[in-house]
Amino acid sequence: MTPVLEAPPVLEARCLVKRFGRAGRPAVNGVSFAVAPGETLAIVGESGSGKSTTARMLVGLIRPDAGSVLLGPDDLAALRGRRLRARRRDLQMVFQDPLGSLNPVMRVGDSIAEPLLLHTDLDAAARRDRVADLLTRVGLRPEHADRLPREFSGGQRQRIAIARAVACSPRVLVCDEPVSALDVSTQAQILDLLAGLRESTGFGCVFISHDLSVVRLIADRIGVMRGGELVELGPAEQIYQDPAHEYTRALVSAVPSLHARRKVT
Ligand SMILES: Nc1ncnc2c1ncn2[C@@H]1O[C@H](COP(=O)(O)OP(=O)(O)O)[C@@H](O)[C@H]1O
Ligand SMILES: [Mg+2]
């Protein structure tokens, strides 16, 4: 599906601020953006620029000191109890380390079924069918449901974490460095998988990476973070070919293949 940029956003960050400790500057300082249905917004920036802190505020793992996160029309901070749980179904996260979201002693089928148990009224047989379908959709096999996470490679484990994240058809998927721990060919496969799932289900995606060459394969728009601030935000092609901010220009020239491409165009 093509991103519907003129549609109301599925997710919006409004002037998010987060400070750890009292001294020093905030880890995230006034970050705002909106994600359209079916769109992938990549956020890039060097280590420590505030990307993960932003991601954690987006999904409600930490509370902003100021600003707000809107999921559709709803302010996440204003939701409580059952309504908050219902909204969480719409907002899922994929981490760099899939073991962070998979219980090591739980069979992967049960891990994938967990959100179905929490958020749907599917019975056990329907959940098993759905898990088999999800495993197939992420490039694994239904019989893998009975195995433990340690029986899989890093790339396969990330596929399992993605299956779990999309189990309840979220409207938004926040991915924080989802391929950074993988080798280059596995990275490309996981990016393909995410792009395919987005195509078929239409979730809006925030894709975080320190690596500008990775996001090139998946981003519709790119936001560049530095020192807790979003210093530039624009269509991917514009960021690569005509970056406005000096820091973005430095990032782009640090990627040899992009630099070469920029010169010839
Ligand atoms: N839980 C925390 N406690 C204290 N400082 C933190 C915490 N999490 C992140 N930080 C600090 O906030 C800044 C941004 O970190 P982070 O959001 O993880 O950056 P990135 O994901 O871009 O590498 C860094 O200076 C980091 O040390
Ligand atoms: Mg990080």
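## Two domains

The protein chain is divided into domain 1, made of residues 1–90 and 173–237, and domain 2, made of residues 98–169. The model is a predicted one. Taken over C-alpha atoms, the centres of domain 1 and domain 2 are 23 Å apart.

Twelve residues of domain 1 are in contact with twelve residues of domain 2. On the domain 1 side, helix α6 gives the most to this contact, with seven residues. Sorted by class, the side of domain 1 that touches domain 2 has eight nonpolar residues, three polar residues and one charged residue.

## Strand β7 and its neighbours

Strand β7 covers residues 172–176, and five of its five residues are buried, so the strand is largely enclosed by the rest of the structure. In a regular strand the side chains alternate between the two faces of the sheet. In β7, V172, V174 and D176 are on one side, while L173 and C175 are on the other. Residues on both sides are buried, and both faces of the strand are therefore covered.

Strand β7 pairs with strand β6 (residues 91–94) through four bridges, and the two run parallel. Within this pairing, L91 has V172 as its bridge partner, and M93 stands opposite V174. Strand β6 also has buried residues pointing both ways: L91 and M93 point one way, and Q92 and V94 point the other way.

Strand β7 is also joined to strand β8 (residues 204–209), here by five bridges, and this pair runs parallel too. V174 of β7 stands opposite V206 in β8. Between β7 and β8 the chain passes through helix α6 (residues 184–201), and this β-α-β crossover is right-handed. V174 thus has a partner in each neighbouring strand: M93 in β6 and V206 in β8.

## The antiparallel sheet

A separate description applies to strands β2, β1, β4 and β5. They form an open sheet in the order β2-β1-β4-β5, with antiparallel pairing. The edge strands are β2 (residues 28–35) and β5 (residues 74–75), each of which pairs on one side only.

Strands β1 (residues 11–18) and β4 (residues 66–71) are joined by five bridges and run antiparallel. In this pair, V17 stands opposite A66 of β4.

## Around ligand 1

The residues around ligand 1 are F20, A27, G45, S47, G48, S49, G50, K51, S52 and T53. By class, this shell has two nonpolar residues, seven polar residues and one charged residue.

## Residue R159

R159 is found in helix α5, which covers residues 154–166. R159 has 25 other C-beta atoms within 10 Å, and a residue counts as buried at 20 or more, so R159 is buried.

Leaving out residues up to four places away in sequence, R159 touches V138, G139, L140 and L193. The C-alpha atoms of R159 and M93 are separated by 13 Å, and these two residues lie 66 residues apart along the chain. M93 is the β6 residue that stands opposite V174 in β7.

Conventions. Residues are numbered from 1 along each chain as its sequence is written. Chains are lettered from A and ligands numbered from 1 in the order in which they are written. This is a predicted model: local features need pLDDT of at least 70, side-chain atom pairs count only at pLDDT 80 or more; totals for chains, interfaces and linings use all residues. A residue is buried if 20 or more other C-beta atoms lie within 10 Å of its own, exposed if 12 or fewer, and partly exposed in between; C-beta atoms are placed from the backbone. Two strands pair if DSSP finds at least two bridges between them. A crossover is right-handed if, with the strands pointing away from the viewer, the path from the first strand over the helix to the second runs clockwise. A residue is near a molecule or strand if its C-beta atom, placed from the backbone, lies within 6 Å of it. Ala, Val, Leu, Ile, Met, Phe, Trp, Tyr, Cys and Pro count as nonpolar, Asp, Glu, Lys and Arg as charged, and the others, Gly among them, as polar. Domain bounds come from an automatic or database domain assignment. Two residues are in contact if their C-beta atoms, placed from the backbone, lie within 7 Å.
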